[in-house]
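Grab your viewer and try a few short exercises on the model shown here. Have a go at each task before you read its solution.

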Amino acid sequence: MTDESRPTVRGRRLGSELRRLRESASKSTDDAAGALKCSRAKISRIETGVVGIRRLDLGILLDVYGVTEPRDRDALETLARESKKRGWWHDYGDTIPPAYANYLDLEGDARYIRTWQPLVIPGLLQTEDYAQALLEANPAAVRPERIDQLVKVRMERKAVLTKPDPARFWAIIWEPALRCPVGGADVHRAQLHYLAEASQLPNLTMQVVPLEVGAVAGACGGFVMLGFTDSSTSGAVALETLTSSHYLEKEAELAGYGLVFDYLRSSALNPTQSLDMITAIAAET
């Protein structure tokens, strides 16, 4: 499948949402096909993101599914309009693995981003030197000749936090991630100072879970929750492995990670206390 014909993340999100709305309205694929005067196969291709949908046809389906809230309809129309749009990272060609490109699509569209990171600083808050050192420490997953470009990509990702109408970002970090001297003392210290500066962004909330909380914090691996509407409700959870990424979209799974995030948030220091800890660790470094 060529890059041009491969479903985009936006296309899959739109299709998944249309399928959810159809099922919630107790409508069959035959009902949807009848409304559009098309085949069941076309409805299936729309719902899997293989083909797009015209604005007129989208409006018909939303009427059939009982979607009347203007904000919900506008959001779906925007998603349909941009379903074939590909992000700036596609200029990097095969430097960006497909799984990472999918994540960048999701991150770029997100209105809310919530992350728990027990071992490393969240990617959106990394300095260039820290990111370089982190990538160089993982030669099994990253070929050396690609590191420089991947660092550039990681730096460009930060635009989601500073662009007009930026994403809301809530980062919870375990204390070991702050104390691990990635890249050596100078890089480590600069990274901590950068965190302190970034904490002043109006759309950023940062909390630290101290070691004294105990093993319960470390029992949960890192994850990122992404919300795509003005509501903070998550639409996907991203889990990163050594060589790939995995995405969860089922409501029960999203609810489970939401509970975990809420527990971690309640276990963490408040933002002011967290900034004090970051500053103190930097002074020790």
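Three exercises follow, each with a worked solution.

This is a predicted model: local features need pLDDT of at least 70, side-chain atom pairs count only at pLDDT 80 or more, and totals for chains, interfaces and linings use all residues. Residues are numbered from 1 along each chain as its sequence is written, and side-chain values use heavy atoms, with hydrogens and water left out.

**Exercise 1.** Work out where Leu 18 sits and what it is in contact with.

Step 1: Find Leu 18 in helix H1, residues 9–24; helices (H or I, at least four residues) and strands (E, at least two) are DSSP runs, numbered from the N terminus.
Step 2: Check its exposure: at a relative accessible area of 1%, Leu 18 is buried (under 20%; exposed is over 50%, partly exposed in between, with a 1.4 Å probe and protein chains only).
Step 3: Skip neighbours within four places in sequence, and Leu 18 is in contact with Ile 46, Glu 47, Leu 58, Leu 62 and Tyr 65 (contact is heavy atoms within 4.5 Å).

**Exercise 2.** Find which residues of helix H7 are buried, and what covers them.

Step 1: Scan residues 128–136 and pick out Tyr 130, Ala 131, Ala 133 and Leu 135 as the buried ones.
Step 2: Look at the cover, which includes helices H8 (147–157), H10 (175–179) and H11 (185–198).

**Exercise 3.** Look up the phi of Ser 26 and of Asp 165.

Step 1: Recall that most residues other than glycine have a negative phi.
Step 2: Ser 26, in the loop between H1 and helix H2 (29–36), has a positive phi of about 60° and is exposed at 66% relative accessible area.
Step 3: Asp 165, in the loop between helix H9 (159–162) and strand E2 (168–174), has a positive phi of about 55° and is exposed at 56%.
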